[in-house]
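Here are my notes on this one, written for someone new to reading structures. Keep the 3D view open and look up each residue as you go.

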Amino acid sequence: MSSRLLDKGYEPHDVEKRWYEYWEKEGLFSASEKSARKGYSIVIPPPNVTGVLHMGHALNNTLQDILCRYRRLRGDNVLWMPGTDHAGIATQNVVEKKLSKEGKDRHQLGREEFIETVWKWREKYGGEIINQLKRLGASCDWNRERFTMDEGLSRAVRKVFVQLYNEGLIYRGNYIINWCPRCHTALADLEVEHEETEGRLYHIRYPFPDGSGGIVVATTRPETMLGDTAVAVHPDDERYDALGVSEVILPLMDKNIPVIRDKYVDMSFGTGGLKVTPAHDPNDFEIGRRHNLPTVKVIGDDGTMTVEAGKFRGLDRFECRKAVVSALEKEGLLEKTEPYGHNVGHCYRCSTVIEPNLSKQWFVSAKPLAEKAIEAVINNETKIIPETWSKTYFDWMNNIRDWCISRQIWWGHQIPAWTCQGCQKIVVAMDTPETCPDCGGKVLVQESDVLDTWFSSALWPFSTMGWPDETPLLKTFYPTSVLVTAFDILFFWVARMMMMGIHFMGDVPFKDVYIHALVRDEDGKKMSKSTGNVIDPLVVIEKHGTDAFRFTLAAFAAQGRDVKMSEKRVEGYRHFVNKLWNAARFALMHMPESDFEFRISDSEFHSLPDRWILSRLCNVTETVAENIDTYKFNDAAGGVYQFVWHEFCDWYLEAIKPALYGKEGEERKKASLRVLWRVLHDTLVLLHPFMPFVTEEIWHKLPGTEGSVMKAVFPSDAADAGIAAHDARAESEMELVIEAITGIRNVRGEMNISPALSLDVTARSQDEATRKIIQQHGDMITNLAKLSSFSVEESGERPKSSAAAVAGNAEIFVSLEGIIDFAKEIGRLEKEIAKLTKELSAASKKLGNEDFLAKAPEEVIAKAKEKHEILVEKRQKLQSGLEKIKGLKD
């Protein structure tokens with residue numbers, strides 16, 4: 001083994017590369033298909049093959065890795081199943097853009113050659129996101145990596161489609177779908193991004209055939225009126241009780257359409273009349289079905305007007321809007337137009353305005369599948385954490401619509417349905433049929449559409465483990481233990497996995513669903529390229545190291561609260577990595593190279609700092625375990641941070657230095673060395689899930705360890721776990737000592753006394769137990785507070801010219817005689833206060849300036865307010881110090 005000493009500073013880059021290669025080579029991420037150990041499994045939310053690591057990926061995968069590394073330390077047989085998603089529309093768009101630069105398009109290539117081109121692109125670029133996840137330290141079982149279009153998953157997709165079709169849960173029919181004229185494909189409701197848009201509301205009069213009047217309707221899409229097949233009014237609307245006509249004339253089209261009565265109509269909106277366009281509005285489509293209305297499609301799949309649009313045929317839909325409005329004005333049928341803010345749907349891939357369109361599509365009948373998925377959450381078979389997201393889940397599932405699963409693109413799982421060209425029979429099968437089962441015809445053409453990407457993703461928890469075969473992997477690891485995901489795919493993915501898992505496996509796909517928040521910038525704003533506030537995880541990792549970055553994410557990952565990320569925060573936790581490194585370096589300098597028993601003996605006498613730190617170690621071990629078990633990652637990270645920095649480094653290491661330097665005898669030195677070894681050993685294990693690289697590096701330098709820290713045992717599970725037990729007495733006594741030292745240090749700071757000056761201090765208490773503890777540990781207080789003398793009394797007068805502090809039931813008096821030149825210090829403080837008062841006046845004047853507050857950017861105003869608060873606080877502190885010194889002088 002190499003030298004036990006650590007380098008002076010921690011340089012993460014070489015360390016991270018070396019240890020990740022070591023973990024992979026040693027097979028430390030691998031799960032066992034059969035094991036006596038308890039199974040624990042997570043399936044990764046598969047990133048798109050087009051993806052690059054962003055903050056959302058970083059948070060999501062860091063939390064998963066923390067769970068997996070922690071469960072391995074607890075002795076579990078852990079499977080973290082990795083993989084990528086073929087991302088149908090996204091990947092096809094990327095490849096099409098590449099072809100476009102070469103002067104080609106997919107239609108020139110043909111379907112087979114285009115798909116071959118996409119596969120080649122995937123082989124070349126598809127692994128980029130995986131390499132980036134490795135850079136993050138993700139401990140996935142990479143030997144089991146899956147892809148949603150690999151052979152095994154494709155078989156699972158076909159099996160599911162065929163079975164659902166045979167069960168009557170997949171059907172083909174006309175339906176209003178969200179259509180993207182640019183991508184030429186249907187979009188699920190959740191793939192539509194709505195943007196608030198300032199549009200126009202057009203009020204159009206539909207005349208009665210007898211010329212006696214008409215009904216005025218309002219619309220934001222006048223071009224769709226060309227496909228109207230009715231005007232609807234509410235059956236309870238008294239304004240239309242005496243309506244003597246049953247039809248109106250459809251403007252510009254010179255034909256009559258019926259007036260119908262339907263409860264969907266909002267009586268409070270305008271005149272209470274509603275134009276009904278079943279082919280171009282989902283609500284109108286449902287009204288049309290109820291009243292057996294014809295559907296007239298006037299906007300084609302390419303976004304231009306069809307032959308059904310009459311004289312407007314061939315116009316772009318938005319050009320048609322202008323033409324229709326102009327024509328209505330000429331005929332005197334446009335009553336008025338007015339500004340109208342409303343949400344307009346856009347394609348989530350290309351941002352084109354989507355068109356609700358009538359189309360022949362494939363659908364999953366979702367309601368029967370949703371019922372059991374709802375019950376599973378109600379019965380706690382799957383728990384959603386935080387629980388507040390359950391309401392969102394139920395709202396979606398109780399109002400679920402049939403799922404449009406067909407997409408008019410080429411990259412993806414081609415729907416396993418064939419149409420016989422002889423008799424038009426549709427054949428759905430696992431394998432390509434040779435003949436039609438009805439007429440014996442041999443010309444069968446496969447459906448050109450592919451399945452929605454989310455269809456294959458919905459099978460991810462069981463298809464990745466070998467289903468439809470009954471594999472040992474499924475037996476050991478399904479249902480999975482937890483799914484870690486963001487809220488934005490709760491319905492896209494989580495709900496659909498629930499439906500498919502229960503239907504095909506007879507069990508939920510995961511026991512817990514942990515929903516983490518979003519990563520925003522330091523001001524709480526959403527990160528976006530347009531605002532220029534995106535933080536690149538790879539840049540941050542390169543600058544500050546992976547461990548600091550991961551710990552920052554965990555430290556701010558509070559349930560239900562977005563993570564406010566900034567490089568400053570990562571830099572702060574880089575200091576924490578350095579603090580651990582320096583503490584370990586100091587400890588290792590004192591560790592014997594060999595022939596030393598590091599196990600703590602029950603019979604060994606331990607000093608107060610030793611007993612105290614073992615008790616605090618017991619406490620932090622419980623804190624970390626309890627909070628990771630309940631997905632409170634920030635509390636787990638905060639607990640171990642507090643322990644390492646403020647208890648282990650700030651107090652324990654300083655307290656045992658006299659023992660380590662042999663000033664308290666050889667036996668005491670050995671006892672403290674054993675405790676130091678134990679605390680450092682267990683601290684590395686506790687920190688490992690959060691900071692895997694630096695802990696592995698230190699672990700291999702620590703004597704008495706073998707192999708990787710990944711194979712260590714979690715402290716509370718160790719055979720000698722009882723050594724680090726709760727010790728209330730030690731904690732109480734050490735707390736009193738710390739209070740006394742802190743009180744003296746505060747006086748030193750408030751009075752601006754140089755750390756080089758030794759002080760004379762007297763502790764006074766009428767409580768005998770308090771006096772005894774302080775007296776017993778007077779050497780520690782003298783050493784850590786840098787005193788020249790320290791005495792303990794029961795009573796007496798307050799020493800002259802002394803500052804006081806309180807520790808428990810004791811008063812601590814710090815003599816300032818000969819230490820402070822009172823007149824000089826008073827003059828210095830008064831000068832500082834005068835300077836601050838002048839600065840504060842200028843800052844207050846600025847914030848009182850109405851013009852500044854009205855015109856300055858928000859961040860400038862915020863900084864001005866922050867500066868004002870700092871100046872107020874500084875002046876208050878100086879004034880308090882001045883009053884104290886004047887009091888002592890008198």
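1. Let's start with a term you'll need: helices here are DSSP runs of H or I with at least four residues, numbered from the N terminus. With that in hand, find helix α8, which covers residues 282-291. Both E286 and R289 sit in α8, three residues apart, or about one turn of the helix. An α-helix has 3.6 residues a turn, so residues three or four places apart point the same way.

2. Keep looking at that pair, but remember that this is a predicted model. E286 and R289 form a salt bridge, and their closest N and O atoms are 3.5 Å apart. Side chains of opposite charge can pair when their charged atoms come close. Are the two partners covered up? Not fully: E286 is partly exposed at 27% relative accessibility, and R289 is partly exposed too, with a relative accessible area of 48%.

3. Now zoom out for the big picture. The protein chain has 890 residues, and 53% of them count as buried. Its secondary structure comes to 29 helices and 29 strands. Taken along the principal axes, the C-alpha atoms fill a box of roughly 110 × 70 × 55 Å.

4. Which helix should you pick to see what "mostly covered" looks like? Try α17, residues 546-555, where 10 of the 10 residues are buried. Among them are charged residues, D547 and R550, as well as F549, F551 and L553. Buried here means under 20% relative accessible area.

5. Back to charges. How many salt bridges does the count come to? The total is 41. One of them joins K104 to E102, with the closest N and O atoms 3.8 Å apart. K104 is partly exposed at 39% relative accessibility, and E102 is partly exposed at 42%.

6. Another salt bridge to click on is K657 with E654, where the closest N and O atoms are 3.1 Å apart. K657 has 25% relative accessibility, so it counts as partly exposed, and E654 is partly exposed with a relative accessible area of 30%. Salt bridges can also share partners: that is how E33, D141 and R144 are joined into one network.

7. Not every charge ends up in a pair. E522, D523, E858 and E859 form a negative surface patch. Of these, E859 has its place in helix α29, residues 858-889. At 46% relative accessibility, E859 is partly exposed.

8. Last, the cysteines. A disulfide is a covalent bond between the sulfur atoms of two cysteines. How many disulfides does the count come to? Zero. Take C350: the nearest cysteine sulfur belongs to C180 and is 3.5 Å away. The cut-off for a disulfide is sulfur atoms within 2.5 Å, so C350 is in no disulfide. C350 is partly exposed, with a relative accessible area of 25%.

9. C439 tells a similar story. Its nearest cysteine sulfur is that of C420, 3.5 Å away, and C439 is in no disulfide. At 42% relative accessibility, C439 is partly exposed.

Terms used
Residues numbered from 1 in each chain as written. Predicted model: local features only at pLDDT ≥ 70, side-chain atom pairs only at ≥ 80, totals over all residues. Heavy atoms only, no water. Buried < 20%, exposed > 50% of the residue type's maximum accessible area, 1.4 Å probe, protein only. Patch = residues over 30% accessible without salt bridge, like charges linked within 9 Å, V, L, I, M, F, W, Y side chains within 5 Å. Areas by Shrake-Rupley, 256 points an atom, 1.4 Å probe, with all protein chains shown as cover. Salt bridge = Lys/Arg side-chain N within 4 Å of Asp/Glu carboxyl O. Lys, Arg positive; Asp, Glu negative; His and termini not counted. Charge placed at Lys NZ, Arg CZ, Asp CG, Glu CD. Helix = DSSP H or I, 4+ residues; strand = E, 2+ residues; numbered from the N terminus.
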